[in-house]
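This report covers the fold, the helix packing and the side-chain pairings of one chain. The structure is shown first.

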Amino acid sequence: MTLMTPRILLTTVLAAACFGPSFAFAQQKPSLGELAAKEAQRRQAVKGTSKVLTNADLPRGTAPRPAPPAGAAGAAAPGAEAAPGAEAVPEEAQQPKKEEPARDQEWWRQRMSQAREELRRNEMFAEALQVRINSLTNDFAARDDPFQRAKIAEDRTKAIEELARLKADIESSRKNIADIEEEARRAGVPPGWLR
């Protein structure tokens, strides 16, 4: 019979102490297949108990329907039921549509000035964003700390994305101005009205 050296004995005891409970615990837990089977059974149970409600499932109310407004055209007499399947015409559709404002010199001038103001604001914001991007680029190059560099890089990326979105808005504003000018030309509006 060979005797274990103290080193082998110590290693064996430590291994049994460290890994013994984890092996026993691992054997007690349900396996992945068992968990999947239980989840499938749970889903089947939930699926079988659910019901989709439709309008046919709702109880018919015996309460009277609200009376239509007194001034509504085609309103039924009080107490008269509407024919099944007939829908009431919304009040907005019964009223005549409001007229558009007259397209005079003031209207064209205001429309063009709003479009130009939007373009001017977007261009100024784009310039400010470009300055911020340049500043963040310089800060990134001057930093040594990886955490600070990551934060600066994230801010710079957000600013670049915003600048790209803003450039698309600027192009849209320019196209809008060109469309207004073309519409005015087709309507025979003097060019002086758009200044």
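## A salt bridge in H5

Arg185 and Glu182 are both part of helix H5, where three residues, about one turn of the helix, separate them. Their side chains form a salt bridge, with 2.5 Å from N to O. Arg185 is exposed, since its relative accessible area is 56%. Glu182 has a relative accessible area of 28% and is therefore partly exposed. The model is a predicted one.

Elsewhere, salt bridges with shared partners link Glu39, Arg42 and Arg43 into one network.

## Other salt bridges

The structure holds 14 salt bridges. Side chains of opposite charge can pair when their charged atoms come close.

Within the network of Glu39, Arg42 and Arg43, the side chains of Glu39 and Arg43 meet at 3.1 Å, N to O. Both residues belong to helix H2 (residues 32-49), and because they are four residues apart, about one helical turn separates them. Glu39 counts as partly exposed because its relative accessibility is 29%, whereas Arg43, at 55%, counts as exposed.

Helix H4 supplies another case, a salt bridge between the side chains of Arg120 and Glu117 at 2.4 Å, N to O. Arg120 and Glu117 are three residues apart in H4, so they are separated by about one helical turn. An α-helix has 3.6 residues a turn, so residues three or four places apart point the same way. Arg120 is partly exposed at 38% relative accessibility, and Glu117 is partly exposed with a relative accessible area of 32%.

## Overall fold

The chain contains five helices and zero strands. Read from the N terminus, the order of elements is α-α-α-α-α.

Of the 195 residues in the chain, 11% are buried. The exposed area comes to about 16800 Å², and 58% of it is supplied by carbon and sulfur atoms. When contacts between residues at least 6 apart in sequence are considered, 68% of them join residues at least 24 apart.

## Helices H4 and H5

Helix H5 (residues 146-187) consists of 42 residues. From first C-alpha to last, H5 reaches 61 Å, close to the 62 Å expected at 1.5 Å a residue. Helix H4 (105-142) has 38 residues and reaches 56 Å between its first and last C-alpha, close to the expected 56 Å. Just after H5, Gly188 adopts a positive phi of about 80°.

The buried residues of H5 are Ile152, Asp155, Ala159, Leu163, Leu166, Ile170, Ser173, Ile177, Ile180 and Ala184. These residues pack against H4. In H4, the buried residues are Trp108, Met112, Ala115, Leu119, Asn122, Ala126, Leu129, Ile133 and Leu136, and the cover over them includes H5.

## Ser173 at the H4 side of H5

Which residues does Ser173 contact, leaving aside its neighbours within four places in sequence? They are Glu118, Leu119 and Asn122. Leu119 and Asn122 are among the buried residues of H4.

Ser173 lies in H5. With a relative accessible area of 4%, Ser173 is buried, because the cut-off for that class is under 20%.

## Aromatic side chains

One aromatic pair is found in a search of the whole structure. The pair consists of Trp107 and Trp108, whose ring centres are 5.0 Å apart; their planes stand at 90°, so the arrangement is edge-to-face. Trp107 counts as partly exposed at 22% relative accessibility, while Trp108 is buried with a relative accessible area of 2%. Trp108 also appears among the buried residues of H4.

A charged side chain is placed over another aromatic ring: Arg149 lies over the face of Phe140, 4.1 Å from the ring centre.

Conventions: Residues numbered from 1 in each chain as written. Predicted model: local features only at pLDDT ≥ 70, side-chain atom pairs only at ≥ 80, totals over all residues. Heavy atoms only, no water. Helix = DSSP H or I, 4+ residues; strand = E, 2+ residues; numbered from the N terminus. Expected span 1.5 Å × (residues − 1). Buried < 20%, exposed > 50% of the residue type's maximum accessible area, 1.4 Å probe, protein only. Contact = heavy atoms within 4.5 Å. Salt bridge = Lys/Arg side-chain N within 4 Å of Asp/Glu carboxyl O. Areas by Shrake-Rupley, 256 points an atom, 1.4 Å probe, with all protein chains shown as cover. Phe/Tyr/Trp six-rings, centres within 6.5 Å; stacked < 30°, edge-to-face > 60°. Lys NZ or Arg CZ within 6 Å of the ring centre and 35° of its normal.
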